[in-house]
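This report describes the helices of one protein chain, their packing and a few individual residues. The sequence and structure are shown first.

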Amino acid sequence: MKKFYIIGFILLLFFDTFGQTSFKLTALSALPFEASFDWLVRIFTYGWAYLVMLGYTGAFITWMVLLKKAPVGPAFAASHLQVVTVMFVSVIVFNEQITITRLLGALCIIIGIIFLALAEQRLQRKS
């Protein structure tokens, strides 16, 4: 069952990160922003918008399958790891900088996920 969780969360991270990255690429390719029909056409002219839909659909399906089997608390916490993966992908794709604040935030997310996983293990051993 652990293998199922690991594969599931890796897939979830992939789809979430892919969707978020494609979303930003869609926004950048449709610049300048304007509330008009032409702007909507520009969004769907580029393939990024369709990749956003693919990424979010994959994340949704993966999340629903995981929720059937995984404990909700740690699963919900682990799903937020995508904030960290998006940060690292943004360094590569968008040339963004990792500041000390972002690094500390990522570290807090990771530590929180570890603590929740340890607490879940302790509860399972007691029952």
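## The loop between α5 and α6

N95 is situated in the loop that joins α5 and α6. The model is a predicted one, and in it the phi angle of N95 is near 60°, a positive value in a residue other than glycine. With a relative accessible area of 63%, N95 is exposed, because the cut-off for that class is over 50%.

On either side of this loop, the helices α5 and α6 pack against each other at an angle of about 145°, and their axes are 9 Å apart. Their crossing is left-handed. On the α5 side the contact involves V83, V84 and M87, which meet R102, A106, I109 and I110 of α6.

## Confidence in the model

The chain has a mean pLDDT of 89, and 99% of its residues reach 70 or more. Among the elements, helix α5 (residues 82-93) has the highest mean pLDDT, at 94, whereas helix α4 (residues 72-79) has the lowest, at 77. Descriptions of α4 should be read with that lowest mean value of 77 in view.

## Packing of α4 on α6

The axes of α4 and helix α6 (residues 100-126) come within 9 Å and cross at roughly 165°. This angle makes α4 roughly antiparallel to α6, because the cut-off for that description is over 145 degrees. The crossing of these two helices is left-handed.

Four residues of α4, namely G73, P74, A77 and A78, meet I113, L116 and E120 of α6. An α-helix has 3.6 residues a turn, so residues three or four places apart point the same way.

## Helix α3 and its partners

Helix α3 (residues 48-69) contains 22 residues, which at 1.5 Å a residue should span 32 Å; the end C-alpha atoms are 32 Å apart, so the expected and modelled spans agree. The buried residues of α3 are A49, V52, G55, G58, A59, T62, W63 and L66. These buried residues pack against α1 (2-29), α2 (37-45) and α4.

The packing of α1 and α3 is described by an angle of about 155° and an axis separation of 8 Å. That angle makes α1 roughly antiparallel to α3. The crossing of α1 and α3 is left-handed.

## T26 in helix α1

T26 belongs to helix α1. Its relative accessibility is 9%, so T26 counts as buried, the cut-off being under 20%. When neighbours within four places in sequence are set aside, T26 is in contact with I43, W48, A49 and V52. Of these contacts, A49 and V52 are among the buried residues of α3.

## The cis peptide bond at P32

Which form does the peptide bond from L31 to P32 take, cis or trans? The bond is cis, with omega near 0°. P32 lies in the loop between α1 and α2.

## R125 in helix α6

R125 is part of helix α6. With a relative accessible area of 65%, R125 is exposed. How far apart are the C-alpha atoms of R125 and I43? They are separated by 51 Å, and the two residues are 82 residues apart along the chain. I43 is also one of the residues in contact with T26.

Note on methods:
Residues are numbered from 1 along each chain as its sequence is written. This is a predicted model: local features need pLDDT of at least 70, side-chain atom pairs count only at pLDDT 80 or more; totals for chains, interfaces and linings use all residues. Side-chain values use heavy atoms; hydrogens and water are left out. pLDDT is the predictor's confidence in each residue, from 0 to 100. The expected span of a helix is 1.5 Å times one less than its number of residues. Buried means under 20% relative accessible area, exposed over 50%, partly exposed in between (1.4 Å probe, protein chains only). Contact means heavy atoms within 4.5 Å. Axes are lines fitted to C-alpha atoms, for helices over the stretch in contact, and angles run from 0 to 180 degrees between N-to-C directions. Angles under 35 degrees count as roughly parallel, over 145 as roughly antiparallel, 65 to 115 as roughly perpendicular and the rest as oblique. A crossing is left-handed if the near helix is turned anticlockwise from the far one by less than a right angle, and right-handed if clockwise.
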